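User: Could you take a close look at one part of this complex for me, the place where the two chains meet, and then walk outward from there? I'd be glad of a connected account rather than a list.

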Amino acid sequence: MEKIHGSDQILLHHVLSKTSDEQKHITEEKISMLRRQTVSKPIIYIGSTTSSHVAGSKKTLKAVEEYRQEMNVDLEIIEVGSIGLCSLEPIMDVQLPGRCRVSFQKVTGDVVATILDGVLNNFLPSEFALAQYRNPLHQPWFNVPFFDDLPFFKHQHRLLLENCGLINPESIEDYIAWGGYKAFANVISNYTHEEVCDAIDKSGLRGRGGGGFPTGKKWKETLSIAANQKYFICNADESDPGAFMERVLMESDPHLIIEGIAISSYAVGANKAIIYTRNRYALTVIRLEKAIQQAYDLGLLGFNIFDSGFNLDISIRKGPGAYVCGEETALIKSIEGKRGMPNYKPPFPSTKGLHGKPTVVNNVETIANVPHIINNGFEWFNTIGTKQSKGTKLFSVSGKVNRVCLLEVPFGTPLSKLVELAGGVPEGQKLKAVQIGGPSGECIIPEDLQTPIDFESFKNKGLAMGAGGVIVYDDTVCIIDMVKYFMNFIKHESCGKCIPCREGSQRMLDILTAISSRPANSDGHGSLERFKGVILLESMAEVMRDTSLCGLGQTASNPLISALKHFKNEFEEHIFERKCVAGVCRNLRIYYIDVEKCTGCAACAKRCPTNAIIGTPRSPYFVVEEKCIGCGICEEVCKFSSVFFK
Amino acid sequence: MSGIDDIILRHSHATRDSLIPILQEIQDEIGYLSEESIVAVGKLLNLPTSKIYGLATFYNQFWFQPKGKYHIQICQGTTCHMEGAFSLIDFFEKKFNLKVGQTTRNGEYSLEIVPCLGACSKSPVISINGILYGSITAENLEEILEEAART
Ligand SMILES: Cc1cc2nc3c(=O)[nH]c(=O)nc-3n(C[C@H](O)[C@H](O)[C@H](O)COP(=O)(O)O)c2cc1C
Ligand code: SF4
Ligand code: SF4
Ligand code: FES
C-alpha cells in the first residue's frame, strides 16, 4: 500500500473510511468531481456496449470527436454502459454546466451535429430527447420527462443496474466515487469469514443461475471444510439462448462483479477466484480484464490486501463454447482442461470441486447482490421481494416486443409487467405466449401471466425461473417452430454422456421435423404415424426427465411439453391439416401458380424436385398439391413472380 | 509457425489446466488449430494428440481448417431465429456455394453458425471478421458485404 500515492491514496482512504481531517475537504472535492456534480465544460456520454456498437455508437463517438475538432469546442467525452433500453440505441447524454444531464435516443452519427448544435446553445432538439436525470443542484430542461417518471424506469427496482449506463465502466475511480469497494473494505477489516456468510444467509439471497439455492448455505458448507486450498468460481457462462442480462451488467459495471467476487471469496476462505465467461463475449472480457488490473493496481487484489493477511487472485477463463459448461461440474472440468461433461452430484463442488478442492460456484447476478447486502444490511435486503424470494431479478426481454430491453424488478412482480415494460407486442399483433428460461423453460400463455415472479409461485405452477431470458411470442410465431428450435439446440448441445438425453433429443427433433414438413407422398397412414410420434413425445419426455444426469437433459422437454399442453390445436393442425397458420414452417407451405401471370416458360417445372409442376409450354403451369413439398424453388426461379404460397 | 512457437514458449511451464487457453491463443493467432500446432501442444503438455483432438472437437469454437479471408458468422440466437436467420443461412450457402462450417475453395469465405451475438435488438445479426452488423435484410446484405470488403 505504501507504493500508492497522491490521488489514489485519497481514494483508498475513502474506500477504507480512513479519510483524515486534513484530507476531508480534498476528498469531498474529488468525489464530487468524479460524480460530475459540478462540471466546468459540457460532457458528452456515449453508451458503449456490444449492442450499441451494432446500432452504430462507434460512429456516434467519432462524429462527436469530429464535431469537437471542427467547431473547436471544449467538451469531455465519456463512454458509459447501457441503461437497458437496447432498442433506442445509440444513446448519447449531454451534461452542460449547471444543467441536468439529458439523454438522446437513436443518435446515429449523422444526427450528432444537429443535436449538439442545438443543445450546446441551450436549445433542445426535442425529437431526439429521451429523458433527463433528476438532480436538485441542476436546472432541468423544459418539456423533457425525468427518467424516474418514465414508466420503464418507474416500475423497476434498479439495484444491480444502479450504475449501468451512468458511469464509465472502465474507470475504477468512477465506481469508487459511487460507493464502490466500500463493502469489500468493510468486510475485510471488520468481519470474520463466518460473519459474512451469516449476513448473506440471513439476507435470504438465493442463486440466480436457475436453481435458486440459498447462497449463504452453500458458502457455509465450503467454509466449514478444512482444506489447504479453496476456490471461488463466478459462473458467467450465460448461454441460454435469449438471455443477455449478465453480459450487459458485466459490460456496464464490471467492478461490481469484481467487488462481489472479492467479498464472496473472503467469505468462503478462497484465495483463488476464476471468472468463467464466454469467449465470444469479447467486450465483456476486455472490461473485466481492465477492472481486475485496476483493482490490482490500487491494492484491492493480490497479496495481503489492506494488511489483513488475506490474499486474492482473480483470473478469467474464456469458455470455448459448449452450453453444458454452464452446469457447474462441467464448468469445473472445462477449467481443468477437459471435456466439459457433467458429473454425478453429490459430491457437490462445495465439498469437492476444482482439482478436488472445496469450490463455490455462483452466478454473476447472485454475486452482484453481495456488495449491496453488505452495504445496506441483510435486514434491508429482507424488505425487498417476497417472503421466500428476496431482492430483485434481472430479465432480458426479447422476441416480438416493441422494445428489446434489460430490466430489474423486485421478486413478486407479475410476469405480465415484463411484457408491458418491453412495450408489448408490435402493433396489430396479439400476444401468444411467453417463453421463460430458454431451452429448459416453459411457455406461458397470457392468462397465466399474472403469476408473480418468485421461486415458490413458479414451483407451484410447475415453471422454471431459469436465468432470466424472456422471449415473447406474438401470433406471427409458430409454436412448433420454436419448440423445434429449442430441441435442435439441445440436440446440438447435449454432451452425449447419457443415452436418454443424446438419443431422446434426436428422436424428438425427428418427430417435430416430421410434423412440420410435408412428406412427398403422404396419405392417412402418414398422418397417423406422425400423430403416434407426438403421443410418444410425452413418454419420452418422462424418461429423459427421470434418467438424465444433468439439468440439460432433465429439463430438455419443458418447452415441448408446455407447448403441447397449451397449443394442442396447433400441433393437430400441423399433423392432420399440414397447415402452419403462422406461415413459418416453410416445409408445410403449398405453392400455387397464378394463371394470370404465368407465361408457361417451364422454368419451375424443370427444377421441381418432386415433379409436382405440370403443364404444357407457353400456357400456364399448375402445381399438384399432393406432390408439392414446399421447397420454394419454383418461387425462386420464376422470373414473372407468378408463384405464391398459402 | 513462429507465432505458435512463441505461444508454446510462453507456456513452457504449463500444466493440463492451460490446455484450453493455449488452444485459444493458437486459434486467435492463426485462425484455426493446425495439425502441427496440435502436435506441438501435445509435446508441451505430454498429451497424446488424440486426447487434444477429443477435447477440441467437444467445444464449438475450435476450427480445424483455415477460415476464409471473410469469416461470416450468422447469429442463430432466439431473436435472430424468430427474425428469419435461417434465410440468411440459405442465402450465404447458395451465394458462396458452401455449407456451414466450410471454407470456400479459393479461401475467400467461411461460414459459421453461432449463438446469440449480444445485439438482439438489432436482429438478425451477422458478424464478418468479428465486426457485427445488425438489422440485416435481403436488400442491405450486399452493401454490408461490400463494406466488409473495404475494411
Ligand atoms: C445445462 C445447464 C446450464 C447452466 N448454465 C448456467 C449458466 O449459464 N450460468 C449460471 O450461472 N448457471 C448455469 N447453470 C446452473 C449452474 O449449474 C449452477 O447451479 C449455478 O451456477 C450456481 O450458482 P447460483 O447458486 O449463484 O445460482 C446451468 C445448469 C445446467 C444444468
Ligand atoms: S443430461 Fe445430456 S447434457 Fe447432461 S450429462 Fe447427460 S448427456 Fe450430458
Ligand atoms: S415448392 Fe414448387 S418446386 Fe418445390 S415441390 Fe412445390 S411445386 Fe415443386
Ligand atoms: S439472438 Fe442474434 S444477437 Fe441475440
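Analyst: Happy to! Please keep in mind throughout that this is a predicted model.

Let's begin with the interface itself. The size of an interface is often given as the accessible area lost when the parts come together. Here chain B and chain A bury about 3,500 Å² between them, and 53% of that area lies on carbon and sulfur atoms. Chain A brings 49 residues to the contact, and chain B brings 39. On the side of chain B, Phe58(B), Gln61(B) and Met82(B) together supply 19% of the area that chain B buries against chain A, more than any other three residues.

Polar groups take part as well. The rule finds five salt bridges across the interface of chain B and chain A. One salt bridge is formed by Arg586(A) with Asp90(B), whose closest N and O atoms are 3.0 Å apart. In addition, 23 residue pairs are in polar contact across the interface of chain B and chain A, with both residues at pLDDT 80 or more. As for the elements of chain B that touch chain A, those giving two or more residues are α2 (19-30), α4 (49-58), α5 (78-82), α6, β2 and β4.

Several of those elements meet again in the sheet of chain B. This is an open sheet of four strands in the order β2-β1-β3-β4, with mixed pairing. Its edge strands are β2 (109-114) and β4 (131-133) of chain B, each of which pairs on one side only. From one strand to the next, the twist averages 25°. Strand β3 (residues 126-128) of chain B pairs with β4(B) in the antiparallel sense, over three bridges; within this pair, Ser127(B) has Leu132(B) as its bridge partner.

Two helices pack on the sheet. Helix α6 (residues 85-96) of chain B touches β1 (70-75), β2 and β3 of chain B, and its direction makes about 155° with that of β1(B). Helix α7 (residues 138-150) of chain B touches β1, β3 and β4 of chain B, with its direction at about 30° to that of β3(B).

One loop of chain B deserves a stop on the way. Asn46(B) sits in the loop between α3 (35-45) and α4 of chain B, and its phi is near 60°, a positive value in a residue other than glycine. Most residues other than glycine have a negative phi, and most peptide bonds are trans. Asn46(B) counts as exposed because its relative accessibility is 70%, where exposed means over 50%.

Moving to chain A, strand β12 (residues 431-436) is mostly covered, with five of its six residues buried. Five bridges join β12(A) to the antiparallel strand β14 (residues 469-474) of chain A, and Leu431(A) has Asp474(A) as its bridge partner there. Two bridges join β12(A) to strand β13 (residues 443-444) of chain A, also running antiparallel; in β13(A), Cys443(A) is the bridge partner of Gln435(A). The hairpin of β12(A) and β13(A) has six residues between the strands, and in it Gly437(A) takes a positive phi near 85°.

Lastly, helix α24 (residues 568-577) of chain A has Glu570(A), Phe571(A), Glu573(A), His574(A) and Ile575(A) as its buried residues. Just after α24(A) comes Arg578(A), with a positive phi of about 50°.

How values were computed:
Residues numbered from 1 in each chain as written. Chains lettered and ligands numbered in written order. Predicted model: local features only at pLDDT ≥ 70, side-chain atom pairs only at ≥ 80, totals over all residues. Heavy atoms only, no water. Buried < 20%, exposed > 50% of the residue type's maximum accessible area, 1.4 Å probe, protein only. Pairing = 2+ DSSP bridges. Axes fitted to C-alpha atoms, helices over the stretch in contact; angles between N-to-C directions. Contact = heavy atoms within 4.5 Å. Buried area = accessible area lost by both parts, 1.4 Å probe. Salt bridge = Lys/Arg side-chain N within 4 Å of Asp/Glu carboxyl O. Polar contact = N/O pair within 3.5 Å; in protein donor to acceptor, adjacent residues only side chain to side chain.
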